[in-house]
Amino acid sequence: QVQLVESGGGLVQPGGSLRLSCVASGTIFSSDRMGWYRQAPGNQRELVAFITTGGTTNYADSVKGRFAISRDNAKSTVYLQMNSLKPEDTAVYYCNLYRFFLERNYWGQGAQVTVSS
């Protein structure tokens, strides 16, 4: 079983920065992909970014150039550095681990990020 625990959410002014962290516990495989999704009120959950064990990354167009995802495999931790935040970035951010050989997603409990003046 896999457990994901996020931290680092909060309230920030437009233009500010936040860093989210997610620690995975349980059995983690080298093929597992980790990433971040977000869901704003009334919207569907959407991909923000993901990163493979080898460091390959992918970003939503809306966050390219502003957000950076990174991963510490030794600590089973994934980070999301969010810069130049906009009000439209306000959402609950969910940590995700995708296990390819099971075609299964694991989710964290979510971290609220609010961008407002």
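I take a residue as buried when its relative accessible area is under 20%. The model I am reading is a predicted one.

**Entry: disulfide**

I searched the whole structure for disulfides and found one. Which cysteines does the disulfide join? I find Cys-22 bonded to Cys-95, with the sulfurs 2.0 Å apart. I then looked up where the two cysteines sit: Cys-22 belongs to strand 3 (residues 18-26) and Cys-95 to strand 9 (residues 91-99). The pair is 73 residues apart, so I note it as a link between distant parts of the chain.

I checked the handedness next. The S-S torsion of Cys-22 and Cys-95 comes out at about -85 degrees, so I write the disulfide down as left-handed.

Are the two cysteines buried or exposed? Cys-95 has a relative accessible area of 0%, so I enter it as buried. For Cys-22 the relative accessible area is also 0%, and I enter Cys-22 as buried.

**Entry: salt bridges**

How many salt bridges does the structure hold? I count five. I looked at some of them one by one.

I began with Asp-89 and Arg-38, whose side chains form a salt bridge at 3.0 Å, N to O. Asp-89 lies in the loop between strand 8 (77-82) and strand 9, whereas Arg-38 lies in strand 4 (residues 33-39). With their positions 51 residues apart, this pair too links distant parts of the chain. Asp-89 has a relative accessible area of 1%, so I list it as buried. Arg-38 is at 6% relative accessibility and therefore counts as buried.

I followed Asp-89 to a further partner. Arg-66 and Asp-89 meet through their side chains in a salt bridge of 2.7 Å, N to O. I place Arg-66 in the loop between strand 6 (57-59) and strand 7 (67-72), 23 residues from Asp-89, and this pair links distant parts of the chain. I have both Arg-66 and Asp-89 down as buried.

I then asked which residues are linked in a network of salt bridges. My list reads Arg-38, Glu-46, Arg-66 and Asp-89.

I also looked up the salt bridge between the side chains of Asp-61 and Lys-64, which is 3.1 Å, N to O. Asp-61 and Lys-64 are both exposed, whereas Arg-66 and Asp-89 are both buried.

**Entry: recap**

I keep two items for the page: the left-handed disulfide of Cys-22 and Cys-95, and the salt-bridge network that includes Asp-89.

Definitions and conventions
Residues numbered from 1 in each chain as written. Predicted model: local features only at pLDDT ≥ 70, side-chain atom pairs only at ≥ 80, totals over all residues. Heavy atoms only, no water. Disulfide = S-S within 2.5 Å. Helix = DSSP H or I, 4+ residues; strand = E, 2+ residues; numbered from the N terminus. Buried < 20%, exposed > 50% of the residue type's maximum accessible area, 1.4 Å probe, protein only. Salt bridge = Lys/Arg side-chain N within 4 Å of Asp/Glu carboxyl O.
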